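New to this one? Have a look at the structure below, and then we'll walk through a few spots in it together.

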Amino acid sequence: MNCPSPITHSMYADGALAAREALLLEQHATTCAACRTRIEVLRQESVALRLALRDVEDSAPIPRFAPPARARDFVVLVLGVALIGGFSKAFWDTVAAAIPSGLEWLNPLESGELYERALSVFTFIVYEGTAMWTATLNLVGAALVIALIAWLAVTAVRPRAFAAVAASLLAIVIALPSIGHAFEIRRSTGLVTLPAGETVDDTLLAAGETIAIDGNVNGDLLAFGRSVTVRGNVTGDLITGGETINVEGTVGGNVIGGGRGVSLLRARVGRNLYGFGRDVSVDAAAEVAGNALAFGEKIDINGRIGTDVKGFGANVTVSGAVEGDVEGFAGKVTLLPSARIGGNLTAHVDSMDDLEIAAGAVVGGSVDTQLVDREQRRNRYLTVRYYMNQVVRLGALFLSGLLLLWLFPVLRDASFPNVGAVLKAGGLGLAAAVTLPVAALLVCLTIVGIPIAVLVFALGAIGLYVSKAVIAQIIGRSVFRAPQGPPHYAATLITGLLIVVVAINLPGIGGLANFVLTLVGFGVIVSLLLARLNRGAAV
Amino acid sequence: MTKEAAFAEAYTAHYRQVRGLCRQLLGSAERAEDATQEAFMRAYHAFASYDPAQPFAGWIMRIARNHCLDLLRRRTTERALFGDEAEEAAAAEAPGEDGLGTVLGAERAAAVNAAVAKLPERYRVPLAFAYYADADYDEIAKSLGITRTHVGVLLCRAKQLLRQSLEETP
């Protein structure tokens with residue numbers, strides 16, 4: 001027999017040769033020294049190779065395994081944070097009751113009703129979150145531009161993240177309205193009109209520089225442009241954004257408007273008005289059957305409001321007729337002589353002088369002035385209450401943070417490898433904080449969308465709230481840079497939170513610090529969620 | 001012990017081994033990291049079907065192996081991946097007097113691994129299967145969708161190329 005091929009030798013050394021062939025080779029090897037040597041060499045080689053392959057320098061740390069997030073975790077988080085918020089609030093109420101002149105300003109919706117209770121607990125939980133969103137919504141027009149820029153920045157760094165966000169937004173915008181009803185889009189760079197006499201029998205989306213709606217829309221109207229004028233009839237909701245918004249026609253549903261100026265001129269609104277802008281006004285000839293909720297610098301209520309008015313702004317002026325209550329959170333609340341208020345008037349102002357009721361104005365119920373304590377505002381660092389408030393705040397954030405880190409272990413190891421990562425997270429956080437309410441507003445268009453929008457709002461608000469815990473964890477970890485690794489996450493969390501709470505209370509820059517830290521933390525949460533989405537999609 | 005805790009324990013215990021396999025199969029530490037996470041993610045989802053009587057190592061290594069193969073296949077077609085058997089067989093050579101065994105002291109492990117990482121995929125993959133994952137020829141043949149002899153040819157060639165590569169870099 002000739003010497004077998006090198007392949008046969010190799011297979012024999014690996015024990016992979018069939019029994020008959022192996023026997024033949026063994027017989028041959030008894031008489032062939034060369035083959036014996038080869039087999040021996042190959043055997044040693046296998047052993048050496050096995051050892052060498054396993055001998056990889058592997059001191060790289062084992063990253064934490066992040067089990068996929070389940071819906072249950074989110075529910076637990078939401079319930080947990082709500083519970084912690086509720087307890088903190090209850091605790092605070094007890095403490096506040098023990099301290100003279102309680103902190104009513106912290107609880108602006110004081111009332112016995114369950115709904116308002118829940119709302120006030122929620123306000124407490126998302127104290128920072130809602131404040132930020134109020135600011136964001138006030139600037140919705142400008143914010144869209146910022147969002148676009150932030151998005152472009154994100155696109156440059158993470159094309160897949162952009163794709164995921166864009167695709168989901170597109171899906172929301174395109175798919176959801178079509179479930180409910182048909183959709184008509186009118187778009188132009190210049191003028192978009194719906195002439196008088198013309199009727200659109202479904203939802204109309206109008207976008208352009210100038211939008212003039214004189215005809216009828218038998219559905220919802222979404223109008224976004226520099227100048228939006230609605231003189232026709234809209235049977236559904238009117239959702240609009242622009243520099244100047246004038247409503248002179250009839251709207252069967254709600255009016256949700258954001259812009260520099262939002263005016264109801266001769267409008268008839270079947271349900272509520274939600275106005276966000278520098279100036280929000282309801283003209284003498286205008287009528288809102290439901291509530292009017294207005295955020296702005298200058299709020300003028302001159303027309304008729306069927307239910308309550310809630311105004312948040314520098315100046316809230318009422319000169320019209322309000323069937324229900326009026327509540328103003330403002331620098332100045334003014335009732336002109338023509339004002340007629342059926343219910344109570346509550347003004348949350350700095351001093352008694354900031355509520356002005358002209359002679360001739362009528363308030364059916366009680367007049368209440370809730371003072372936002374000036375003393376406390378000016379010298380807040382000198383009051384016990386202030387520090388107690390911070391302790392409660394810290395405690396609530398710590399418990400919420402612990403819950404978050406326990407549920408989502410991947411957040412425990414979050415870190416910033418470089419400054420770019422911080423900027424990226426901040427940009428992403430800003431983009432998400434701006435787009436979330438816009439997306440929520442858009443999904444509000446359909447009936448099925450409303451619960452989704454509420455969910456988006458709630459999750460977003462809780463996300464903004466706990467984002468400070470996330471950033472605190474990152475800061476805490478960088479403080480404990482020990483060779484044996486960081487201590488338990490509770491220790492790093494509380495350390496980081498102490499630093500964060502001090503930072504956001506610094507005079508002067510505290511507000512900015514709060515804003516930046518919240519956005520960066522939010523960005524970390526969003527980027528981790530996106531990374532998970534991407535990995536899921538890439539596999 | 002809860003399912004989560006059991007899995008977390010198994011994860012820590014086997015992570016490095018799985019990452020090693022992925023690294024040998026994919027030839028890149030970075031891609032290995034991702035592949036390892038994904039393998040464990042797959043294992044996590046399939047944990048209910050895992051039979052605790054079987055060793056966890058074998059199970060997770062099989063998942064990782066299959067995932068890496070999927071990744072490799074996605075980049076290239078199978079034929080191109082493992083080449084032509086006859087052509088390869090013709091090029092096969094036996095080791096000289098001193099094969100890898102004699103030159104491979106512990107201090108040369110790094111050099112071997114570097115050489116392995118540089119091997120073309122069609123050699124590196126069966127090599128990692130056979131000498132890292134300790135899979136037998138039948139298993140490798142089945143996983144790669146090639147014949148048993150083809151596996152033998154590829155392994156023989158792989159070792160031959162390794163020898164050449166290591167001789168060049170003493």
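## Starting with a histidine

Let's begin with one residue and its surroundings in this predicted model. Apart from the residues within four places of it in sequence, His14(B) makes contact with Phe56(B), Ala57(B) and Ile60(B). One of these partners sits well along the chain: Ala57(B) is 43 residues away from His14(B) in sequence, yet their C-alpha atoms are 6.7 Å apart.

So where does this histidine live? His14(B) is part of helix H1 of chain B, which covers residues 3-26. Is His14(B) buried or exposed? The cut-off for buried is 20 or more other C-beta atoms within 10 Å, and His14(B) has 23 such neighbours, so it counts as buried.

## Zooming out to chain B

Now for the whole chain. Chain B has 10 helices and zero strands, so if you trace its elements from the N terminus, you read α-α-α-α-α-α-α-α-α-α.

Of the 170 residues in chain B, 41% are buried. As for contacts between residues with a separation of 6 or more in chain B, 72% of them join residues 24 or more positions apart.

## Where two helices meet

Next, head towards the other end of the numbering. Helix H9 (residues 137-144) and helix H10 (residues 148-168) of chain B pack with their axes 8 Å apart, at an angle of about 100 degrees. Angles of 65 to 115 degrees count as roughly perpendicular, and that is therefore how H9(B) and H10(B) are arranged.

Who does the touching? On the H9(B) side you'll find Tyr137(B), Asp138(B), Ile140(B) and Ala141(B), while H10(B) brings Arg148(B), Val151(B) and Gly152(B). Sorted by class, that contact has four nonpolar residues, two charged ones and one polar one.

## The two sides of H9

Stay with H9(B) a little longer. Its buried residues are Tyr137(B), Ile140(B), Ala141(B) and Leu144(B). Why do the buried residues of H9(B) line one face of the helix? Look down the helix axis: the buried residues of H9(B) fall within an arc of 100 degrees, so they line one face.

Flip to the other side of H9(B) and you meet Asp138(B) and Lys142(B), which are exposed. Finally, just past the end of H9(B) comes Gly145(B), with a positive phi of about 70 degrees.

Key. Residues are numbered from 1 along each chain as its sequence is written. Chains are lettered from A and ligands numbered from 1 in the order in which they are written. This is a predicted model: local features need pLDDT of at least 70, side-chain atom pairs count only at pLDDT 80 or more; totals for chains, interfaces and linings use all residues. Helices (H or I, at least four residues) and strands (E, at least two) are DSSP runs, numbered from the N terminus. A residue is buried if 20 or more other C-beta atoms lie within 10 Å of its own, exposed if 12 or fewer, and partly exposed in between; C-beta atoms are placed from the backbone. Two residues are in contact if their C-beta atoms, placed from the backbone, lie within 7 Å. Axes are lines fitted to C-alpha atoms, for helices over the stretch in contact, and angles run from 0 to 180 degrees between N-to-C directions. Angles under 35 degrees count as roughly parallel, over 145 as roughly antiparallel, 65 to 115 as roughly perpendicular and the rest as oblique. Ala, Val, Leu, Ile, Met, Phe, Trp, Tyr, Cys and Pro count as nonpolar, Asp, Glu, Lys and Arg as charged, and the others, Gly among them, as polar. The arc is that of the directions from the helix axis to the C-beta atoms.
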